[in-house]
Amino acid sequence: MSSPDPRPPATAATRPRGTAVGRVGARLSTRAASAVAVVIAVLWTVPTAGLLISSFRPEQQIKTTGWWTFFTSPETTLRNYQEVLFGRPSSGQLASYFINSFSIAVPTMVFVVTLAALAAYALAWMDFPGRDWIFVGIFALQVVPLQMALVPLLTLFSQGLVVGGVQVLPAWDLQGAFQFTQVWIPHTIFGLPLGIFLMHNFISQLPRSLIDAARVDGAGHGQIFRSIVLPLTVPALVSLSIFQFLWVWNDLLVALIFAGGSVEVAPLTARLAEMAGTRGNEWQRLTAGAFVSMVVPLIVFFSLQRYFVRGLLAGSMKG
Amino acid sequence: MGFDILLELPKLLWLVIGIAAFMAVIGVLLVLVDRGPKTRRDHWQALCFLGPAALLLLVGLVYPVIRTTFLSFMNGPSTAWVGFDNYVWMFTQPEILVVLGNTLLWVLLAPLLATGIGLTYAVLVDRARYESFAKSLIFLPMAISFVGAGIIWKFVYAYRQAETDQIGLLNQAVVWAGGEPRQWLLEGPLNTLLLIVVLVWIQAGFAMVVQSAAIKAIPAELVEAARIDGVNGWQLFWHITLPSIWPTVMVVLITISVQTLKVFDIVRTMTGGNFDTSVMANEMYNQAFRYNEYGKGSALAVFLFVLVVPLVAVQIRNNRRSRETQ
């Protein structure tokens, strides 16, 4: 895998040279270029900044004046956050949903990364009939839009599986925290094709001599996987973990269908989408709520940006 | 009843149990795999390593895809065959035609704009002094959810009556320019364009990072030779940069197109699909999960699938070609 940011040092030779006229022209175009870059950067930053500033303003002010007036009459409060996190259920109760988001995203991340690493190892280094066909099949599954799988998978959970009038699998009738299982499984399944593909890219690149040497020494596949492959693939594992975590944390569709909207299991995104629909003018709650949902991805993003970029470049197409 | 940590404990407990149980199974698997029968080929080992993932994929993707295809030829409650009725309905019902039209607009605009802006920015900040900081600014929306982005932009488009102060940035800008504030999200087809802006805002970061990496991979000698020949920045871009990174540009375009076809969260959060802004993925959700019209919902899903396949086929072909030339 290539490093995320191969940046050859800018030497004097690569800078524009030439006549005086050329230099002036170059400087003018550099100015215009900088201006365009700054405009894009501002357009991309201001909406988020507006939301962040608003979330700290008192309700009355958010609803009557623009957030840009904050700079002339600054007044801050943490009340919005307190309300939206710990207040009455009608004002959000996002703390519960925050925990739900965690309870969905963390196990799914562990499941996908582990299963994908195992499967990728098998596809890369084991010898069994049909190996290449299975790999192509899993590769092709990346194409399938989630939408294709939702109805049958939900029926499978709610009604079980009946073949020819015989109940092969019972319906899942989960209560309380056990309902998370019903969200973990679809997320894990939907994450696997890309996860296996990314891990295979990485694991199949390991030097053959390394694996062969271990085999000659009598090591089994389990042992090789534990002691050689896992330590060497840590960067890929981290990249995949980040992506998997963020996808699930940010997902709305799967959550709506498999977790519903109850405070028992629904994640932040489902709750926020609902609030945006039914309480679209309660901006003191929406701004603070949106930021609550963004905090974790932003921390992950800033602390692990290198891995994030690397994963992105390794090919990120999620079904 | 507000937030109560005691009510949350079962969730965390189940989280820990879930992970621990899973890890225990994997641990046993890793021990068993080396205790299995010794055969010349790795049948037993492959079963241990690949079996769990393969089983999940069969149950959760392969079987559902086949079943959804069948369901799309059946009626709402899936009790009788109706032939191509659901597909005929899709292409004749005026509301659904609006949905298809919107989806087309999304796919035509979002990938081009996001890729174009991402490329422009990547070229402009290339080797600039604050490059990595400048890139993080554009890249940041990638990390947050579509729902969060939807709320951010809904706030930008917020409307207050003309006599009062505006709270949305767009309407304030209009007022500053001497215009009348408008209810942006209620007026078609402008509202669809404004929703597309949100996706462009998110995806430009992805386009920028990937294309920026491709620009940096252009051999330095090539750029240097062109410079010595007195080529200016504009010519350099059209004759050196763009041709060199063209395969990457295509990959980015196609990747974003696939994402765009499946866009759901933005529409759901910002308009709920009302005011003629609905798109295919949203309509599929409505038909299947709100109206329990499994047949119609499945037909929409199948059509979405059919649209995605050629894009990915092109992607794979390009991939293979670029791998061969390496």
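**Close-up views of chains A and B**

**View 1. The annotated span of chain B.** In this predicted model, the end C-alpha atoms of residues 100–315 of chain B lie 24 Å apart. Helix makes up 73% of this span and strand 0%. The stretch comes with a label, too: an unreviewed UniProt entry lists residues 100–315 of chain B as "domain: ABC transmembrane type-1".

**View 2. The two domains of chain B.** Here the domain assignment gives domain 1 as residues 5–68 and domain 2 as residues 85–325 of chain B. Taken over C-alpha atoms, the centres of these two domains of chain B are separated by 36 Å.

**View 3. Where chain B meets chain A.** Take a look at the contact, to which chain A brings 105 residues and chain B 98. On the side of chain B that touches chain A, helix H2 (residues 43–71) gives the most, with 17 residues. That side of chain B divides into 64 nonpolar, 19 polar and 15 charged residues.

**View 4. Domain 1 against domain 2 in chain A.** Chain A is divided into domain 1 (19–77) and domain 2 (88–313). In this view, 7 residues of domain 1 of chain A are in contact with 6 residues of domain 2 of chain A. Helix H1 (20–55) and helix H2 (59–64) of chain A each supply at least two residues of the domain 1 side, and the largest share, 4 residues, comes from H1(A). By class, this side has 3 nonpolar, 2 polar and 2 charged residues.

**View 5. The start of chain A.** Over residues 1–18 of chain A, pLDDT stays under 50. Please go gently here: where pLDDT is low, predicted coordinates should not be read in detail. For chain A, the mean pLDDT is 83.

Note on methods:
Residues numbered from 1 in each chain as written. Chains lettered and ligands numbered in written order. Predicted model: local features only at pLDDT ≥ 70, side-chain atom pairs only at ≥ 80, totals over all residues. pLDDT = per-residue confidence, 0-100. Contact = placed C-beta atoms within 7 Å. Nonpolar A, V, L, I, M, F, W, Y, C, P; charged D, E, K, R; others polar. UniProt positions renumbered as here; feature names shortened; annotations may be inferred. Domains from an automatic or database assignment.
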